[in-house]
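Welcome! Have a look at the model below, and then we will walk through it together.

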Amino acid sequence: MRVLLIGANGYLGRFVADRLLADPAVQLTALGRGDDADVRFDLATGSPGALTRFLDAVHPQVVVNCAGATRGGARELTRHNTVAVATVCEALRRSGCGARLVQLGCGAEYGPSQPGSSTAEDAVPRPGGPYGVSKLAATELVLGSGLDAVVLRVFSPAGPGTPAGSPLGRLAEAMRRAMQSGDGDLKLGGLGAQRDFVDVRDVARAVHAASLSAAQGVINIGSGRAVRLRDAAAVLARVAGYGGALHELDGPPGQLRAAIGHPRHDPDHAAPAAYPYPDGCGSWQQADVRTARDRLGWRPRINLEESLADIWMEAACRI
């Protein structure tokens, strides 16, 4: 099976590439902006015609799109998350390859949900920020393209390679600094949010399964269980062997000013006015993952403790 992977150097794309390369039946070609891609191409600026010519030359049976941006202003997010997907869809429509498209979406497309509820694929999306809006627009482009396509809505990815600027990455960095300085008290803020964490290697398995399946439409990829960030912090402390006390700085709902990892003795640096989960999804998000089980035969295998242990191993290497 010839697979074209777009965004192979990204956080999720690296693990998708590893998973696909482990399948001896897959012939993988990586397309991206980096020098180590098999073919260099920028979806945000490249033309559909140029991509069509490449598709006709390679003739992939599956195109997996892991490319995109998670940070930046509305214009940048739209360019990398929406315009780029429009380019992929138009190129596939023009091409004679007839490839199946596996698009990586995100749980932020749904926006806030009712605490205690599980969000299924038929929920009405109401993204609460420009990132979710840009990803939802991409999903709508894919669903309306007429292509053989599936969108995997990935909830909160975790595990090795977690960006240092993400909430779990900041937790690990704050703990590393506390252990390095011998600080027995670690003050953390913004721990009230509850998210559905899914390991990046499980996400890669889902992409592999979707590439081989005939499933179309939207499929949630998550653990099916919301975890409070303060509970994740406690697990991280345990796997890190941090014996100090964790003090929560969260204020009343609506203030949302304390940031993860605010140092205990640093009067020159005030806690930034930023919520630790700027995804526009409020205080709760939990995926209903029955569709992934029924249509892809997929279930998450890696628990959060293992994901956090891998995050900590990478953070500890910086000590």
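Here a visitor asks about the sheet and some helices of this predicted model.

Visitor: Which strands are the edge strands of the open sheet?

Guide: Happy to help! The sheet is built from 7 strands in the order β3-β2-β1-β4-β5-β6-β10, and the pairing is parallel. An edge strand pairs on one side only, and that fits the two strands at the ends of the order: β3 (39–40) and β10 (217–221).

Visitor: In β6, what is the bridge partner of Val102?

Guide: Let's start with the strands. Residues 100–106 make up β5, which pairs with β6 (residues 149–154) in the parallel sense over 6 bridges. Follow Val102 across to β6 and you reach its bridge partner, Val150.

Visitor: At about what angle does helix α2 run to β2?

Guide: Two helices are nice to look at together here. Helix α1 (residues 11–21) lies across β1, β2, β4 and β5, running at about 165° to β1. Helix α2 (residues 48–58) lies across β1, β2, β3 and β4, and its angle to β2 is about 165°.

Visitor: How far does helix α5 reach from its first C-alpha to its last?

Guide: Helix α5 covers residues 167–181, which is 15 residues. At 1.5 Å a residue, 21 Å is expected, and the helix comes close to that with a reach of 21 Å.

Visitor: Which residue follows α5?

Guide: Among the buried residues of α5 are Leu168, Leu171 and Met175. What covers the buried residues includes β7, β8, β9, α7, β12 and α9. Just after the helix comes a residue with a positive phi, near 75°: Gly182.

Definitions and conventions:
Residues are numbered from 1 along each chain as its sequence is written. This is a predicted model: local features need pLDDT of at least 70, side-chain atom pairs count only at pLDDT 80 or more; totals for chains, interfaces and linings use all residues. Side-chain values use heavy atoms; hydrogens and water are left out. Two strands pair if DSSP finds at least two bridges between them. Helices (H or I, at least four residues) and strands (E, at least two) are DSSP runs, numbered from the N terminus. Contact means heavy atoms within 4.5 Å. Axes are lines fitted to C-alpha atoms, for helices over the stretch in contact, and angles run from 0 to 180 degrees between N-to-C directions. The expected span of a helix is 1.5 Å times one less than its number of residues. Buried means under 20% relative accessible area, exposed over 50%, partly exposed in between (1.4 Å probe, protein chains only).
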